[in-house]
Amino acid sequence: MSRGVLAASVQAACERWATRPAVTHRGRTLRYEQLWERIVALAWAYRSLGIRPGDRVVCQLPVCPEHLIAMSAAWACGAIHVGADKDLTGAELAALVGRTQAAAVVFQPPADLADPLAPLRAVRAAHPSTVTILHGIPPEAGEHPLAELLAFPAPHP
């Protein structure tokens, strides 16, 4: 199934069941319309960061609504979502970014790391042109906070 078909399927579901709950996680519920708003915002943010159709976006997030949003946003802008184990070391994550030639990494550090940004620093050292998007902790210079990108002002038709 192509990325375009997947994005269209998600959009159709979000339009059909707009006011129904789409996902509930840790006591927080998003309706389909809210889910779609975030997907569209992130897709436009990806584009503004230079992510183009066919580019790969490595997503190292735990199971959470933001993972679903990041995956669907990649499809919506024509990119390829590459899911990554949330426990990859910095060397492993950097190697994955290199093998896939990823244009971006969406990252949330595991809670048990002494230096939560060490894996992302390894990616930046090996692949300085890769866009880094951070979720769950404050970003360092040059990183983009996922929370801000989820509110990116997308044009309305």
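This is a short exchange about buried residues, cores and cysteines in a predicted model.

Visitor: Why is Ser-72 called buried?

Guide: Its relative accessible area is 2%. Buried means under 20%. Therefore Ser-72 counts as buried. Ser-72 lies in helix H3. Leaving out residues up to four places away in sequence, Ser-72 touches Val-10 and Ile-39.

Visitor: How many disulfides does the structure hold?

Guide: The count is 0.

Visitor: How do you know that Cys-14 is too far for a bond?

Guide: The closest cysteine sulfur belongs to Cys-77, 16 Å from the sulfur of Cys-14. A disulfide needs the two sulfur atoms within 2.5 Å. So the pair is too far for a bond. Cys-14 also counts as buried, at 3% relative accessibility.

Visitor: What is the nearest cysteine sulfur to Cys-59?

Guide: That of Cys-64, 7.5 Å away. The cut-off is 2.5 Å, so a pair at this distance does not qualify. Cys-59 is in no disulfide.

Visitor: What makes Cys-59 buried?

Guide: Its relative accessibility is 1%. The limit is under 20%, so Cys-59 counts as buried.

Visitor: Which residues touch the most other members of the largest nonpolar core?

Guide: Leu-42, Tyr-46, Ile-51 and Val-106, out of 34 residues. Elements giving two or more residues to this core include helix H1 (3-16), helix H3 (65-76) and strand E5 (104-107). H2 gives the most, with 8 residues.

Visitor: Which residues does Tyr-46 touch?

Guide: Beyond four places in sequence, its contacts include Ile-51, Val-57, Ala-70, Val-106 and Ile-133. A second, separate core has 15 residues, among them Val-58 and Phe-107.

Note on methods. Residues are numbered from 1 along each chain as its sequence is written. This is a predicted model: local features need pLDDT of at least 70, side-chain atom pairs count only at pLDDT 80 or more; totals for chains, interfaces and linings use all residues. Side-chain values use heavy atoms; hydrogens and water are left out. A nonpolar core is a set of buried Ala, Val, Leu, Ile, Met, Phe, Trp, Tyr and Cys residues joined through side-chain atoms within 4.5 Å. Buried means under 20% relative accessible area, exposed over 50%, partly exposed in between (1.4 Å probe, protein chains only). Helices (H or I, at least four residues) and strands (E, at least two) are DSSP runs, numbered from the N terminus. Contact means heavy atoms within 4.5 Å.
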